[in-house]
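Reader: I'd like a close look at the ligand and what sits around it. Could you walk me through that part, and then say a word about one residue elsewhere in the chain?

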Amino acid sequence: MEISNVAVIGSGPAGYTAALYTARANLDPVLITGLSQGGQLTQSSSVENWPGASDFPSGLDLMESMRLHVEKFSVRCVSDDVESVARAEDGFAIALTDGSVINARAVIVATGSSARYLGLPGEDRFRGGGISACATCDGFFFRKKTVAVIGGGNTAVTDALYLSNLAAQTHLIHRRDEFRCEKILTDKLYQAVESGKIRLHLSCVPLSFEGREVLEGVRIRDLKTQEESLVAADGVFEAIGHDPNTGFLGDLVETDGGYIRLHPETGFSTATSVTGIFAAGDVADHRYQQAIVAAGAGCRAALDVEAFLGGRTV
Ligand code: NAP
């Protein structure tokens, strides 16, 4: 049976960094990228906070450069999704959806998180045909049309600003009257509101998605007046946060609110509850959720694995 030193699962900044560092440590890692490579960042139109990338590349371009970078170190990339991870003799058996199994002495889980949907009436009908969670992917379909964004975090405000340059009118619907995004973004947002490009609906909750053949809008309730109204929109972008991608692990590792719980008291800051399984990036980080933080965690996980396989702590 062929057994790798380490399998890295996930191809966002955490996964690529872990693969890069373990490759350069001569651990000959296998990187299981998932069927859709590059993670969440691929959905960003422009990345302005990656140090050194002062030309503000698209997330897609940035992730492509990470992929080319690991290829330079001959990382073996497997483009499939993981179905399950189980303990096996001398390590772990990672089952892929194509039926094959990869064996590894250590595993770094860097599978990130996925966009959350509201689950409201009408959503299933229009998902992928009017309702999206990715403004960068689908915004172009609504050029010169009317769109609405739901949420009040960094993603929602970034999406609304991005869409306001494409759409004829952008609505931003948020359930509170304060945003939880960076101040630079609220400043830009209020400029766009003043110029009429974005219309705010604060303290408003979405109730349902309406439309006959195509999406016609989102029904909302104003929490201050209890009045209901329809925000007419050709496209609606949900930007209400993310859920960590841990389903394939079953109950193998301890989680906390869905996120993998880390055990730094073991001497490895990226250790999970299972000896030999490490975690890095958004899948284990409900707080920061930044590409640069995920990449840093990927580096830590790689150093942890190097020390773990060498029988020492870092
Ligand atoms: P987030 O910060 O968790 O914000 C989610 C937003 O959706 C919140 O405003 C929340 O409202 C709202 N929301 C959640 N559930 C809702 C529901 N059922 N109905 C209506 N509204 C709901 O998520 P995010 O914006 O995706 O950001 C995730 C992380 O990535 C954050 O740490 C963020 O800083 C980071 N991020 C950073 C950048 C960057 O460029 N720096 C860009 C994108 C994301 P409440 O505010 O009322 O809770």
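Author: Here is a walk around the ligand, followed by a look at Glu 265. Keep in mind that this is a predicted model.

Let's start with the shell. The ligand is surrounded by 20 residues, and the closest of them are Gly 152, Asn 154, Thr 155, Arg 176 and Arg 180. Sorted by character, the shell has 11 polar residues, five charged ones and four nonpolar ones.

Now for individual atom pairs, which you'll probably want to pull up on screen. Arg 175 has a side-chain N or O atom 2.9 Å from an oxygen atom of the ligand. With Gln 289, the backbone is involved: one of its N or O atoms there lies 3.3 Å from a ligand oxygen atom. Asn 49 places a polar side-chain atom 3.4 Å from a nitrogen atom of the ligand. As for cover, the ligand on its own has 910 Å² of accessible area, and the protein covers 76% of that.

On to the other residue. Glu 265 sits in the loop that runs between strand 18 (259–260) and strand 19 (277–279). Its relative accessible area is 61%, so Glu 265 counts as exposed, the cut-off being over 50%. The side chain of Glu 265 also has a partner, making a polar contact of 2.7 Å with the side chain of His 263. For a sense of distance, take Ala 148: Glu 265 is 117 residues from Ala 148 in sequence, and their C-alpha atoms are 45 Å apart in space.

How values were computed:
Residues numbered from 1 in each chain as written. Predicted model: local features only at pLDDT ≥ 70, side-chain atom pairs only at ≥ 80, totals over all residues. Heavy atoms only, no water. Helix = DSSP H or I, 4+ residues; strand = E, 2+ residues; numbered from the N terminus. Buried < 20%, exposed > 50% of the residue type's maximum accessible area, 1.4 Å probe, protein only. Polar contact = N/O pair within 3.5 Å; in protein donor to acceptor, adjacent residues only side chain to side chain. Near = heavy atom within 4 Å. Areas by Shrake-Rupley, 256 points an atom, 1.4 Å probe, with all protein chains shown as cover. Nonpolar A, V, L, I, M, F, W, Y, C, P; charged D, E, K, R; others polar.
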